Amino acid sequence: MRRTKVRLSRSATTSLLPLPASSTSQAGNGTKPADKPADQHARGIDGQAQLQTVEQELHRQTERVKHLERQLQLLLKDHDQAQLKLADANAALVSRGLSEVPRSPYQQLVRQIRETVTRHVPRYATVIVATKGDPELLNLNGRIGWHFPRTSEGGYAGYYPGCSLSAIAHLEALRAEGGQYFLLPATAFWWLDHYVAFRQHLETYYPQVWKAEDICAIYPLNPRFTGSVSMPACLKEMVEEFQTRFLHEPAILDWRSGISLSELLPNQKVFRSSYAECRLPYLEKSIDIVVTDAADAVAVCEARRVASKAVVVIDRRRDGHPPIASIEWIADFSQRPGQSVSIIIPCQNERRLTDACLGSLRETLPRGFEGEILVVDDASTDDTPEALRQWMARDPRVRVLRNDRNLGFVDSCNRAAREAWGELLIFLNNDVVLLPGWLAPLLRLFRDFPQAGAAGGKLIFPDGTLQEAGGVVFRDGSAMNVGRGETDLEAPLLNFVREVDYCSGALLATPRALFKELGGFDPLYRPGYYEDTDYCFKLRSRGYRVYYQPESAVVHREGATAVRPGGMKESQMSNRAKFVAQWQPRLGFQPVPPAKLDARTLRQLVIGKPNETH
């Protein structure tokens, strides 16, 4: 909002302030007589009165500014209403054939979209628009419009998302940047059929959609940890909590629920019972989760008999409102096989990045998460310390460690690891945005692969293209992010669990006891770069394995906190030389850097097992 600046004139302010001392000197000899105590007391009282007068004047001016702001809001509201009336009048003229300027169907659609946005979106809100590059769709009567997809500079990216995950990652990255609404014009409704998982993401987490079949759909991108959640979101959170607690996929029975459960949970094992009797032909506590209808008391009772972990009751009797789901956990969580987790996030300044990271973390952690979030403030000089105090106040799982001086990534992570209590450490950069369902696959991997010493996930650029699907180290010490720049994040070659040479420290999980045994990240690589590669090589030299888990996906603004002059980027080349010197004998077993990286070479690097560095 444009604010009215209020200034006191020079004459007004000087008349309220005491005169300079030099102006009270005597004209005859230029000397100033000493004040008597009574004069000093009187001068002090007079100064307090003048200060009080100034404060009163500032208060009056502040109230006037607030009054002007309220008037401006009313004027803007009247302006929007006038625009809508004018649009209605123009539409009436067009319908009667009296319009002097004929509009094409597309121009009429753009006009209708603007009217719709004016009615349903607050002024000055930021709207993410699937534009296909048309700047006219960003002209939204005082609302800020962003292209989707868009480049880091804000222009139209020039292509459609490569897959649903690309669209989800790009949307969540823009939401973290300040996007408040997502607008899908009617000309792009085919997205909802083509990008099925993207549609499910919207319906699950942003269900309060306003949609006109021939105009557009508008999704408010509200924070997901405030207020009640939709039934699809509740069911998805239940599955994620189950996966986190029990480290396997649940078997789910749909017992007269009255909803399309298999469509709401397309990636889960959902089955129906065709048994017509009131009693199910299953043993007690033999099925993980049973979903049933709240209106059927007999079915609810039978569900409690059969379920071993949870019963979900669907209430569809709410007139005019969507159904809601209530979850009743039966299992004893004290006997769960899962691990406690310490999530470690070092940061230095860049408050907005840390806020976005912690916000996405809070939204995506399962309700049953048992662990801590350790944020290391590496001597920030902006308002990061105050922001972290606010995070501790709103989330008891957040604990902040502050360095008195800037130590860098390596020492900050090592300090946090020494103070962590979780069985599993997960290192995160503060410039990542976590996507739903990222945690459970990492925990499950350490259960399924006992020799796992470390694991990482799929790193995605904010524009929705792939940044890393595990890493390869070559014979000369150089490294490659597998799949970098790939647009199809769901390509089969990049979507199976496999051994890799290393995973980036932007998302790296490892057992705390093992991290301590190996001495943490080597201080040789201060302040950062190659410390994660070195750690993974140490693990592999001792017989452990490093895995890439594609189901754990995050958006990573690569280098967002390391591009400042004197930052960690400058140590990348020097640390590579240290790495080569330290691992020279074992690097001889690594592949030679390819002269040309084509599809065949990439397949050989991915499918072939990484060379052991014994």
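**Leucine 353 and its helix**

I started with leucine 353, which sits in helix α10. This is a predicted model, so I'm reading everything below as computed. Is leucine 353 buried or exposed? It counts as buried, at 1% relative accessibility. I also looked up a partner far along the chain: asparagine 429 is 76 residues away in sequence, and the two C-alpha atoms are separated by 9.6 Å.

Next I took the whole of α10, residues 351-364. Its 14 residues should span 20 Å at 1.5 Å a residue, and the end C-alpha atoms are indeed 20 Å apart. How many of the 14 residues are buried? Ten are, so I noted α10 as largely enclosed by the rest of the structure. The buried ones include Leu353, Ala356, Cys357, Leu358 and Leu361. The list isn't just nonpolar names, though: Thr354, Ser360, Glu363 and Thr364 are on it too, along with Gly359.

**A helix that bends**

Then I went to α16, residues 572-587, for contrast. What did I find for its span? It has 16 residues, but its end C-alpha atoms are only 18 Å apart, short of the 22 Å that a straight helix would reach. I looked for a kink and found one: α16 bends by about 50° at alanine 581. A proline, proline 585, follows within four residues of that spot.

Which residues of α16 are buried? They are Asn575, Phe579, Val580, Trp583 and Leu587. An α-helix has 3.6 residues a turn, so residues three or four places apart point the same way. With that in mind I went back to the buried set, where Asn575, Phe579, Trp583 and Leu587 appear. I also checked what they lean on: the buried residues of α16 pack against β18 (471-473) and α15 (531-541).

**The cores**

Phe579 came up again when I turned to the largest nonpolar core. That core has 55 residues, and Phe521 and Phe579 touch the most other members. The largest share, five residues, comes from helix α12 (residues 409-419). In soluble globular proteins, nonpolar side chains tend to be buried together.

I listed the neighbours of phenylalanine 521, leaving aside those within four places in sequence. Among them are Phe409, Val410, Cys413, Phe427, Leu508, Phe515 and Tyr535. Asn414, Glu531 and Asp532 are in contact with phenylalanine 521 as well.

There is also a second, separate core of 34 residues, which includes Leu247, Trp438, Leu442 and Ala506.

**Odd backbone spots**

Leu247 earned another look. Most residues other than glycine have a negative phi, and most peptide bonds are trans. Leucine 247 has a positive phi, near 60°. It is in the loop between α7 (231-246) and β6 (251-254), and at 3% relative accessibility it counts as buried.

Tyrosine 124 has a positive phi too, about 75°, although it is not a glycine. Where is tyrosine 124? I found it in the loop between α3 (105-120) and β1 (126-130). At 37% relative accessibility, tyrosine 124 counts as partly exposed.

I looked for cis peptide bonds as well. One joins phenylalanine 148 and proline 149, with omega about -5°. Proline 149 lies in the loop between β2 (144-148) and α4 (164-177). Another runs from arginine 526 to proline 527, with omega near -5°. Proline 527 is in the loop between α14 (512-517) and α15.

**Cysteines**

How many disulfides does the model have? The count comes to zero. I checked cysteine 536: it is in no disulfide, and the nearest cysteine sulfur, that of cysteine 503, is 6.2 Å away. A disulfide needs sulfur atoms within 2.5 Å. Cysteine 536 is buried, with a relative accessible area of 0%. Cysteine 216 is buried as well, with a relative accessible area of 0%.

**The chain as a whole**

Last, I stepped back. The chain has 17 helices and 22 strands. Of its 614 residues, 49% count as buried. Among contacts between residues at least 6 apart in sequence, 69% join residues at least 24 apart. The chain exposes about 30100 Å², and carbon and sulfur atoms supply 52% of that.

Conventions
Residues are numbered from 1 along each chain as its sequence is written. This is a predicted model: local features need pLDDT of at least 70, side-chain atom pairs count only at pLDDT 80 or more; totals for chains, interfaces and linings use all residues. Side-chain values use heavy atoms; hydrogens and water are left out. Helices (H or I, at least four residues) and strands (E, at least two) are DSSP runs, numbered from the N terminus. Buried means under 20% relative accessible area, exposed over 50%, partly exposed in between (1.4 Å probe, protein chains only). Contact means heavy atoms within 4.5 Å. Accessible areas come from the Shrake-Rupley method with a 1.4 Å probe; for residues, only the protein chains shown count as cover. The expected span of a helix is 1.5 Å times one less than its number of residues. The bend at a residue is the angle between axes fitted to the seven residues ending there and the seven starting there. A nonpolar core is a set of buried Ala, Val, Leu, Ile, Met, Phe, Trp, Tyr and Cys residues joined through side-chain atoms within 4.5 Å.
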